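Me: I'm new to reading protein models, and I'd like to learn how the labels people use are justified. Could we go through one together?

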Amino acid sequence: MTTEPSPATPATSAAPAGVSLLEGRELLQLYAAPTGSTQALRGVDVTVTGGRISAITGPSGSGKSTLLAVLALRERPAGGELRHRGRLVSGLSRRDLHRLRRREIGWVAQRPTHSLFPQLDARGQIAQMARLRGVRADVDAALAEVALTSRATASPAVMSGGEQQRLAVAAAGVGPPALLIADEPTAELDDESAGLVLSLLRTRAAQGAAVVIATHDARAIAAADTVLRLRHGVLSGEQGAGEDHTATIDGLGRLQLPEEALPLFPTGRVVVTLVDGHVELHPFGGP
Ligand SMILES: Nc1ncnc2c1ncn2[C@@H]1O[C@H](COP(=O)(O)OP(=O)(O)OP(=O)(O)O)[C@@H](O)[C@H]1O
């Protein structure tokens with residue numbers, strides 16, 4: 001147990017502020033299914049930048065966890081291109097990938113126990129993560145940050161769900177890593193626990209980490225700098241805090257309308273007109 005990273009301590013090997021850490025283009029992911037294959041990601045373009053919290057939101061089954069797994073370099077995409085600091089991830093050896101994940105990427109699974117060491121107490125989780133990442137950490141301060149001082153010697157098996165979640169986020173955030181990814185980090189947490197988790201994520205982003213979360217939770221969405229909306233494996237829109245909703249036009253010119261606009265086009269067909277430098281969509285057919 002040694003010195004605490006001060007709030008000004010930069011993320012491990014953080015990309016310079018504003019420089020993208022990850023760039024995904026036309027990302028595709030397929031899974032075997034009884035009826036053929038499921039296209040979990042269907043041409044997703046995404047940029048992940050240090051110093052920001054990006055929230056990925058969308059209905060159940062829309063591909064949020066899949067996109068997180070690809071960005072965390074835990075799954076190789078079936079298609080498209082993913083670059084880490086400009087280097088093609090597909091060109092990295094298994095060894096390089098393993099090292100990159102261990103050193104630079106904090107991962108909090110949808111079930112927090114899946115990202116904790118079952119045999120270690122809370123103190124051990126933080127210390128072990130710091131060791132793996134090759135950084136020094138003040139274990140007491142890390143536990144205090146998520147109000148777990150009194151649970152320092154407890155193992156995950158005897159912790160409440162909220163305590164497990166706070167511990168998983170604290171351990172994943174040690175360093176801090178250049179990239180911190182969490183799947184539904186505030187789901188099922190009361191306001192107090194959710195507040196602690198979100199405050200930790202904000203602090204890590206302020207230290208330069210790129211924070212990416214999948215979430216349905218309005219509290220987490222409000223804490224994000226950018227909100228990416230996924231629908232059926234396609235990124236349907238992106239919105240920064242206080243910005244207008246923007247939608248992504250893919251390389252083939254396809255655009256997904258916001259869900260609330262769909263009733264305007266009951267036949268599913270539109271007349272597309274280019275007028276004075278902008279595009280107008282009018283319903284086609286119908287009564
Ligand atoms: N390992 C897998 N094997 C087969 N199909 C999978 C696998 N993982 C995900 N899928 C399928 O891929 C699609 C996207 O799943 P994913 O878990 O990424 O969605 P999600 O938006 O995270 O959903 P939720 O909000 O319910 O967690 C779904 O149709 C899902 O059934």
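Me: Over which residues does pLDDT stay under 50?

Reply: Good place to begin, since this is a predicted model. Residues 1-8 keep a pLDDT under 50. For that stretch the model has 12 contacts beyond four places in sequence. Across the protein chain, the mean pLDDT is 88, and 86% of the residues reach 70 or more. The model also scores ipTM 0.96 and pTM 0.83.

Me: Why is α5 called roughly parallel to α6?

Reply: Look at the angle. Helix α5 (residues 161-172) packs against helix α6 (residues 191-206) at about 5°, with the axes 10 Å apart. Angles under 35 degrees count as roughly parallel, so α5 is roughly parallel to α6.

Me: Which residues make that contact?

Reply: From α5 come G162, Q165, R166, V169 and A170, and from α6 come S193, L196, V197 and L200. Sorted by class, this contact has five nonpolar, three polar and one charged residues.

Me: How do you know that β1 and β4 pair?

Reply: Count the bridges. Two strands pair if there are at least two bridges between them. β1 and β4 have five, in the antiparallel sense. One of the partnerships is E23 with R83 of β4. R83 in turn stands opposite L88 in β5.

Me: And what makes β4 and β5 a pair?

Reply: Two bridges join β4 to β5, and at least two are needed. The strands run antiparallel. Their hairpin has two residues between the strands, and R85 there takes a positive phi near 50°.

Me: What makes β2 and β5 edge strands?

Reply: Each of them pairs on one side only. You can see it in the order of the open sheet, which is β2-β1-β4-β5, with antiparallel pairing. At one end, β2 (36-49) pairs with β1 over 11 bridges. There, Y31 has T38 of β2 as its bridge partner.

Me: Does a helix come into this picture too, and which strands does α1 lie across?

Reply: α1 lies across β1, β2 and β4 (79-84), and runs at about 60° to β2. After α1 comes a loop leading to β4, and L73 has its place there.

Me: What makes the phi of L73 worth pointing out?

Reply: Most residues other than glycine have a negative phi. L73 is not a glycine, yet its phi is positive, near 60°.

Me: Which peptide bond is called cis, and what is its omega?

Reply: The bond from G175 to P176 is cis, with omega near -10°. Most peptide bonds are trans. You will find P176 in the loop between α5 and β7 (179-183).

Me: Let's turn to the ligand. Which residues come nearest?

Reply: There are 13 residues around the ligand, and Y31, A40, S60, S65 and T66 come nearest. To count as near, a residue's C-beta atom, placed from the backbone, must lie within 6 Å.

Me: Which elements supply at least two residues of that shell?

Reply: β1 (20-33), β2 and α1 (64-71) each do. The largest share is from α1, with three residues.

Me: How many residues of the shell are nonpolar, polar and charged?

Reply: The shell divides into four nonpolar, eight polar and one charged. Gly is counted among the polar residues here, while Tyr and Ala count as nonpolar. By that rule Y31 and A40, both among the nearest residues, belong with the nonpolar ones.

Conventions: Residues are numbered from 1 along each chain as its sequence is written. This is a predicted model: local features need pLDDT of at least 70, side-chain atom pairs count only at pLDDT 80 or more; totals for chains, interfaces and linings use all residues. Helices (H or I, at least four residues) and strands (E, at least two) are DSSP runs, numbered from the N terminus. Axes are lines fitted to C-alpha atoms, for helices over the stretch in contact, and angles run from 0 to 180 degrees between N-to-C directions. Angles under 35 degrees count as roughly parallel, over 145 as roughly antiparallel, 65 to 115 as roughly perpendicular and the rest as oblique. Two residues are in contact if their C-beta atoms, placed from the backbone, lie within 7 Å. pLDDT is the predictor's confidence in each residue, from 0 to 100.
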